[in-house]
Amino acid sequence: SVLRKQVLQHLIDVDLQMQMAKQHGITVDSTELNEAIEKIATMNHINLTQLREAITSQGVTWKEYRRNIRKEMILTRLQQKAVG
């Protein structure tokens, strides 16, 4: 019950933060997203194809993975803007 409430609260918080980011015009374009994903692969000492295979082997689609990375980048920019 407690865990369920915490997860729900987290999802609400993320949704509100994404709405705030949209209001502030914070976006991540495809070029920035591709560069970030390439950097993730490099940091893990694998190429992009290997990263894609690793992601899909965990049951996550490549599209969903890209969406999650984009969301994380947007939230990070929002937090940086709030701190700044």
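I looked up the contacts (heavy atoms within 4.5 Å) of Tyr65 in this predicted model. Leaving aside neighbours within four places in sequence, Tyr65 touches Ile37, Ile40, Leu51, Ile55 and Val60.

I noted the conventions: residues are numbered from 1 along each chain as its sequence is written, and side-chain values use heavy atoms, without hydrogens and water. Local features need pLDDT of at least 70 and side-chain atom pairs count only at pLDDT 80 or more, whereas totals for chains, interfaces and linings use all residues.

I then turned to the largest nonpolar core (buried Ala, Val, Leu, Ile, Met, Phe, Trp, Tyr and Cys joined through side-chain atoms within 4.5 Å; buried is under 20% relative accessible area, exposed over 50%, with a 1.4 Å probe and protein chains only). Of its 15 residues, Leu33, Ile37, Leu51, Trp62, Tyr65, Ile69 and Met73 touch the most other members. Two or more residues each come from H2 (30-43), H3 (48-57) and H4 (62-83), helices being DSSP runs of H or I, at least four residues, numbered from the N terminus. H4 gives the largest share, six residues.

Next I examined H2. Its buried residues are Leu33, Ala36, Ile37 and Ala41. Seen down the helix axis, they fall within an arc of 140 degrees (directions from the axis to the C-beta atoms), so they line one face of H2. These buried residues pack against H3 and H4. On the face turned away, I found the exposed residues Glu35, Lys39, Thr42 and Met43.

Last, I checked the ends of H2. Asp29 caps the N-terminal end, with a side-chain oxygen 3.1 Å from the backbone nitrogen of Thr31. After H2 comes His45, with a positive phi near 60 degrees.

Definitions and conventions: A polar contact is a pair of N or O atoms within 3.5 Å; within protein, one must be able to donate a hydrogen and the other to accept it, and residues adjacent in sequence count only if both atoms are side-chain atoms.
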